[in-house]
Structures are given as structure tokens and as C-alpha cells.
Amino acid sequence: MIWIIGEYAERIDNADELLESFLDGFTDENVQVQLQLLTSIVKLFLKRPSDTQELVQQVLSLSTQESDNPDLRDRGYIYWRLLSTDPAAAKEVVLAEKPLISEETDLLEPSLLDELVCHIGSLASVYHKPPASFVEGRVGLKRLTLSGMKQDTQESGEQQEAAAPGSTVIPIMESSQDNTVVEDLLSLSLGGPTSSMAPPPIQPPSTAGGIFDLLGDEVLIPSSNMTGTGSPSLSEAPNSNLPLGDLGDIFGLGLTGGPPIGYAPPKEVWLTAAKGKGLEVSGTFARRQGQMFMDVNFTNRAMQAMGGFAIQFNKNSFGISPSGPLHITAPLPPNQSIDTSLPLNISGVVQRMEPITTIQIAIKNNIDVFYMSTAIPLLTLFTEDGNMDKKVFLATWKDIPATNETQHVIDNVRMELLADGATTLPNSNIFIIARKQVELQEMIYISLKLTNGIWVLGEIKCTPGHRTINLALKTRITDIVNEVAQTFTMLLTN
């Protein structure tokens, strides 16, 4: 009742009288009642400060001076200092909105939920992962579901391969700067030992067979030194044609041959040695001869050799995934580095990410499985077939609704990069369709195409003697325009 009075004090006319009646026996109440009474009176004061000032001073005095309970005294002093120094901040803290109470049972796959119910007293039900994911080795436990228990049938003598899939949790997208690996990565089956155990010896290449899935739902691509009948081949790469919701149909033509791209960002550290148990990974993305590549550097800062490298991409906005294995043909000795270039394709599973260019990666070696998150430059996704005919450009520009047009202002532009004959934009697969003089301004019309078939049309307004341009972009899928504008800013100002 005390909580109700404080929570809805603005609706209860005699809330101050009711709480004052409880305050008469404050010292005789148990601690939980005293804490709730203190909070309720402070809430009442914040909602109706004019006629409750004496009441709040009385409860603060009782809580801080006449009580020997540390919890009650601490809360009393916190409220007192908040109210005396910054009442606005006190209102934000004490009257903050409560989060909605919700249950997440419906976010679990029904078959996984049945299995977790069968293991309700184990860690499986705590981590929402099947028991097989906690067992090292290639042979896992057989999945047990409620329906399987009812049928009570099992073929004797049949050996089960370690194919128990990880839990499938419906991902909830969240934006964070440090980009921690989420979504499907919650269902990983770790094959490496814990940090307190010595890593197993590196197996020779001839003995490596199939490798379990790092992300729980796709085939893992091992390094090229791991061969055998169990290793997946390039022809077995998954090709899931899933729609991307509000991004529309993003499946377009494959990559074609062409000149190398004009710009590739420098490598950034994706995994520090501290988080990678001695493995440091840095990399970047580039486009060469019509093909996307991920250029990666692996550095071993541990005291032992590393081998058995394998890589996998999580679902992403453009379906980007490795086209082949990592080319690491020998164990990486301590204090040594190796550079490799991994070709990429767009045959992976598509799922909208925030930001849209986010790529989440899992890398496995003989020590552990490591997860990292980075962003692929949108420039890498511009294809060589983005040059549009003038008449088609004009018809397409008119056909795209005016509401899809966005305006961007770019300052400190190197105007020579926009001069007639400049190669910065064409080498980046941004094609100049036409140039036109309108009064004292030069209009430049451009087109580009992404790997998923999305076309972007643009109009650049330049004024002689000025280093500021106006960029108008039109596309049917407006989710990407901010990234496209950032790409223009990077190309024309650096």
C-alpha cells in the first residue's frame, strides 16, 4: 500500500496524510517498510513539493539520524544530497520510468525449449544452450526433446555424429560503439580449452576432418592446410536467398572483372592480443579486379605456436561471406606475423545489421574461438557495372519518388578530384554520367551500384572558387544514403 501511494501520489488527494500516518510508527516498522516509506515520501515531495516539505524533512531525519541500519542511512543520505544539490536530477533518478516486464520464452526455438526443459537442473537451462555445446570433442550428446521422450524410440548401435546445432535465439538488434558480437554468436560451440588449461598440440594437416560450426548455423571454412573428406568445399558454400525486410530485394549480379579500386582503408586492430590469448588480428577490406577481399594480418604474441585457423562470418546486411579458406599453410610460431588475403562473395545469409555495414567474424585456432566486429567500407561494395546510360539515368531519376531524395553538404572538398578527367570517382566505381553548366554552377551527375543490386543516383553542385559542394542522392532504398554520403566525403576530402 505504501508503494501504491508513493507511485500514484499525484492521483491520491490525501496521499500526504496517509503517508504521515505510517510515519508515526516509523521506528517500529521493519527495514523493508522503512525503506519503502522513505522512497514513497520522497516521490510525493517531488510530485507535490509545496505542501510536503515538512514531511520529507521528517523522514530524512528519521532515516539518517535515528536509525542504525546502514541501508536505510545510505538511502536517506543519497536522497538528502540529491534534493539539496540538484532537485531536477533527483526527479530523474527517483521518478525514472520502470522497464516493462516481459518474458523471453517465445524467443527460443520450440525444439530447443523442449530440450532445455528436459535439462532444467543443469547449466543448459541457465545459458539457453544444449548440453552438447558444453562437451569438447567431435562426438556430442544426442539431443533429447519432450517429443523424443514420449516416443521413447532409438536405433541401437547407431553412432551419432556431433551435429547437435547450437541454440537459435531470435536476435534483438542493438547499437553499441564497441560492437560486441551478439545475435547468433550466443549459440557458439567452443572447441578450444579454457584459459586455465594448456592448449592441445597442433594436428598435422592430413588428419584434420570436418570442423563444427563456430556460429551455430553455417559451415565453417577452415584454413587451407586442413584437408580431408570432412572439410567443406567451395561448392558446398551456403546460398540462402532470404529477404531483408525494409531493405527490399538486395540480391543482385555477381562481381565482374574490372580495374582495382582507387582506395583501401589502412588496417585496423580487430582483436587485441589481450583478448585473443596472444593472437592479434588486424585487417581491412578492399576491392581488386572486381573481387572483394579481406586483407588480414595474424600476429602470434603468445609463447606457443598457433595453428588450425578457420574463419566464419555471421549473417550481415549484404550476405558477405568467405569464398574460400584462410591461406595459412603452417603453424604460426611465437612472435611471428603472417599476412593473408581472403576473397569474399555475397552468397551468405542476409540479415539487417545496425549499423548496416557491420560485419561480425569468428576465428578459431588450436587455442580457442575468438569473436570480433568491424565495419566494411561501403566503397568495397560498389560494383564495376554501375555506369548507367544517360537516358536510363534521366528516366530512373524521375521514376524515384521525390521523398527519396536526400541533400548533403560536403565542405573542404579537393575540387581537382571533380575536374574533368579526374580518376578518383571512376576508380572507385562511381561513374560520371554527364556534366552541365547551369548559370554559375557546374552540375555533375553520377551513378553507382552495390553488390546487392541497389542503384544510387547523385547530383553534385559545384561553384567555382568554393570548396563546398551540395550532393543530392536518390535511391529506392534510403537506408544506405548516409553511408553513401560518408563515402563521398571520405573520397573528396582526403
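## What surrounds helix α3

In this predicted model, the cover over the buried residues of α3 includes α1 (2-7), α2 (15-23), α4 (53-65), α5 (70-85) and α6 (87-94). How many of the residues of α3 are buried? The count is 12 of 17, so the helix is largely enclosed by the rest of the structure.

If you would like to pick them out, the buried residues of α3 are Q34, L35, L37, L38, T39, S40, I41, V42, K43, L44, F45 and L46. Polar residues are among them, including Q34, T39, S40 and K43.

## Length and cap of α3

Helix α3 runs over residues 31-47 and has 17 residues. From its first C-alpha to its last it reaches 24 Å, close to the 24 Å expected at 1.5 Å a residue.

At the N-terminal end of α3, the cap is N30. A side-chain oxygen of N30 lies 3.2 Å from the backbone nitrogen of Q32.

## The buried side of α2

Helix α2, one of the elements that cover α3, has its own buried residues: A15, D16, L19 and L23. These cover an arc of only 95 degrees around the axis, which means that they sit on the same side of α2. What do they pack against? The partners of the buried α2 residues are α1, α3 and α4.

## An internal cavity

Rolling a probe the size of a water molecule over the atoms shows where empty space is left. Here the count is one cavity of 30 Å³ or more, and the volume of the largest cavity is about 30 Å³.

Ten residues line the largest cavity. Nearest its centre you will find Y263, P265, F285, L379 and T380.

Note on methods: Residues are numbered from 1 along each chain as its sequence is written. This is a predicted model: local features need pLDDT of at least 70, side-chain atom pairs count only at pLDDT 80 or more; totals for chains, interfaces and linings use all residues. Side-chain values use heavy atoms; hydrogens and water are left out. Helices (H or I, at least four residues) and strands (E, at least two) are DSSP runs, numbered from the N terminus. The expected span of a helix is 1.5 Å times one less than its number of residues. Buried means under 20% relative accessible area, exposed over 50%, partly exposed in between (1.4 Å probe, protein chains only). Contact means heavy atoms within 4.5 Å. A polar contact is a pair of N or O atoms within 3.5 Å; within protein, one must be able to donate a hydrogen and the other to accept it, and residues adjacent in sequence count only if both atoms are side-chain atoms. The arc is that of the directions from the helix axis to the C-beta atoms. On a 1 Å grid over the protein atoms alone, a cavity is a set of points where a 1.4 Å probe fits but cannot get out, and a pocket is an open set with protein on both sides within 12 Å along at least five of seven lines; lining residues have an atom within 4 Å of a point. Grid points are joined across faces, edges and corners, and a volume is the space filled by probe spheres set on the points.
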